[in-house]
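Please look over the sequence and the model shown here before reading on. The paragraphs below are meant to be read alongside them.

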Amino acid sequence: MTEAAGMRTDYCGELRATDVGRQVSVCGWVAKRREHGEHLAFVDLRDHTGVIQCVVHDDTDVRSEYVLRITGTVAPRPEGTVNDKLPTGQIELQDCTVEILSAAEPPPFPLDDRADDVDELVRLRYRYLDLRRERMQKNLRVRAKVNSAIRRSMEAQDFIEVETPMLMPSTPEGAREFLVPSRQRPGDFYALPQSPQLYKQLLMVGGTDRYFQIARCLRDEDLRADRQYEFMQLDAEASFVTQDDVLAFISEAVVAAAEAVTGERPPEIQQITWHEAMDRYGIDKPDLRFGLELVELTAIFSETGFNAFKAPSIKGIKVPGAAADYGRNKLDGLTDRAKASGAKGLVWLKVDEGGTTFTSPVAKFLSEAEVAGLVATFEAEAGDLLLIVADEWANTCEVLGVLRNELGRPPVHEGPYRYVWVVDFPMFVGRDDAGNPKPGHHPFTHPHPDDMDKLESDPMSVRSLAYDLVLNGWELGSGSIRIHEPDLQARIFRLLGISEEEAEKRFGFFLTPFKYGAPPHGGFAFGIDRLTAILAGEENIREVIAFPKPQSGLDPMTGAPTTVDANQLADLGLRTLPKAT
């Protein structure tokens, strides 16, 4: 039992039958009051640990959400009144005296499970009330366990915690930044950090060796279920390490956080390459809790006469036993979804009784050998639904990856926790308007040592030492081994079309220290909000953040963002323009 102090001797939800006979004082909010005859009432008192029933024998006028201190004697509930749904359901407080600490107006919505059906904007407008609910209290405590376990794990691995600046220079290479005007230098701006990336690498140059921080980061991006303007991440960097070292450090921190919440230590986290993830799951953040893996079909149609299958890559997925569930309207919907994702079309086949023929508009175009090849490769059985896409390899994978998730992905709280490291990401992704390769990560990511000789001759085939950690289809975070050699960094900049003058202008303050001896180093960062949401069984990170912003970005509780006084703007050398019409 947690030791309480001050006005109370115990917490409401921690009293048990072993406490019978003790006189206790508990404090909390009135969850419910039930009249039971004249001068007698049952008051359910709630704090963050749970609820205790109190038998009140006076005429004290207490209502929902009043704040009370109740002193009474722990006693067994009378026979027939035990509530097995409550941890405290075998006992109650009797001979109670009540002290009203604070009166309360009726809340705008019920502070129990019924609040889950209340409009989210109403919940956020009264977030201080919403936080009293058991669900929200649990989520905040899950988050605290995650933070604590991460910190203990990193310290046990000889990392030291260092705070980096919140006001930094603008480096608009990634997402939009939040800018902060300078009062002392009108017209100049700081940026709020999208991440501590630059500073943590400079800490390595400074000999810190192993750094971590539970860092607040900010990005001016559109909000959604897994994204907020403000977010928290474990940020880490280490010197004289390989990629495997970094993966081991972070795996230990993530496993420790999961164990602190669930009580079970996850198994060793598996690794797959980016190419394997795309080839098997159609996405670089695969959810491994379910099957429906992509099946390679290209060789089956190497000599096909069916024009739709004359493509560099042909793949499909099998949805077992789903043929009867998909009528023409649902199949047309899948086709439309495939086209919206970039496919030229979608071929569907229903496996007939006997398992050797298909029902499909395209069945007549397939040869006997192609039909037999499909049945064997898919291991198809009667009643299965087969979905096939033919296109360039990347597009084929991505389209089927979208369909796979839509057809099979379970809710976040169902099934096991399936972690996976995705490694060997492409160094470059596409080309810009000038024909220069575009970096797949940031321009300080180290190329894979086995691909160094292809940087100029075949840059699009070069792998990087970049890696992502994925849990149940959510990308938790990413990292890389960094470029620490000035000559290699200059080589990468040339490939990206960045001149020496431009590199000095944009990154000079960051690159100069590397001339004075930078150790090999690498790091990682993962989102604490996302990890906590999954461990708490929530589909939306707003449910594990005390005071989040809704999708509009407008805080319904405080009204932020708001206008500011003209004098404040004048001090900063700013003025506002009329809104565009």
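What follows goes from the chain as a whole to a pocket, a helix and several single residues.

This is a predicted model, in which local features need pLDDT of at least 70 and side-chain atom pairs count only at pLDDT 80 or more, while totals for chains, interfaces and linings use all residues. Residues are numbered from 1 along each chain as its sequence is written, and side-chain values use heavy atoms, with hydrogens and water left out.

The chain has 13 helices and 22 strands, where helices (H or I, at least four residues) and strands (E, at least two) are DSSP runs numbered from the N terminus. Along its principal axes, the C-alpha trace spans about 90 × 75 × 55 Å. Of the 581 residues, 47% count as buried; here buried means under 20% relative accessible area, exposed means over 50%, and partly exposed lies in between, with a 1.4 Å probe and protein chains only. Among the contacts in the chain with a separation of 6 or more, 66% are made by residues 24 or more positions apart, a contact being heavy atoms within 4.5 Å.

Turn now to the open space in the model. Rolling a probe the size of a water molecule over the atoms shows where empty space is left. A pocket is defined on a 1 Å grid over the protein atoms alone as an open set of points where a 1.4 Å probe fits, with protein on both sides within 12 Å along at least five of seven lines, and its lining residues have an atom within 4 Å of a point. Grid points are joined across faces, edges and corners, and a volume is the space filled by probe spheres set on the points. By this reckoning the second largest pocket holds about 1,200 Å³ of space. Its lining consists of 42 residues, and Ala-31, Arg-46, Val-51, Leu-111 and Glu-134 are those that lie nearest its centre. The elements giving two or more residues to this lining are strand 1 (23-35), strand 2 (41-47), strand 3 (50-56) and helix 3 (134-156), and the largest share, seven residues, comes from helix 3. In character, the lining divides into 22 charged, eleven nonpolar and nine polar residues, with Ala, Val, Leu, Ile, Met, Phe, Trp, Tyr, Cys and Pro counted as nonpolar, Asp, Glu, Lys and Arg as charged, and the others, Gly among them, as polar.

Which residues of helix 10 are buried? In this helix, residues 486-495, they are Leu-488, Gln-489, Ile-492, Phe-493 and Leu-495. They lie on the same side of helix 10 because they cover an arc of only 160° around the axis, the arc being that of the directions from the helix axis to the C-beta atoms. The face turned away from this buried side carries the exposed residues Asp-487 and Arg-494. Strand 18 (428-431), strand 19 (437-439) and helix 11 (500-511) are among what covers the buried residues of helix 10. Just after helix 10, Gly-497 takes a positive phi of about 80°.

Helix 11, part of that cover, also contains Arg-506, which is partly exposed at a relative accessible area of 28%. Arg-506 and Ser-170 are 336 residues apart in sequence, yet 9.3 Å apart in space, C-alpha to C-alpha. In helix 9 (residues 393-408) lies Asn-405, which is buried, with a relative accessible area of 18%. Leaving aside neighbours within four places in sequence, Asn-405 is in contact with Ile-283 and Phe-290.

Several loop residues deserve a look at their backbone. Glu-65, in the loop between strand 3 and strand 4 (67-76), has a positive phi of about 75° although it is not a glycine, and at 5% relative accessibility Glu-65 counts as buried. Leu-292, in the loop between helix 6 (274-281) and strand 12 (295-296), likewise has a positive phi, near 55°, and is buried, with a relative accessible area of 15%. The peptide bond from Ala-560 to Pro-561 is cis, with omega near 0°, and Pro-561 lies in the loop between helix 12 (528-536) and helix 13 (566-571).

Last come the cysteines. A search of the whole structure finds zero disulfides, a disulfide being a pair of cysteine sulfur atoms within 2.5 Å. For Cys-27, the nearest cysteine sulfur, that of Cys-12, is 7.8 Å away. Cys-27 is buried, with a relative accessible area of 11%, and Cys-397 counts as buried at 0% relative accessibility.
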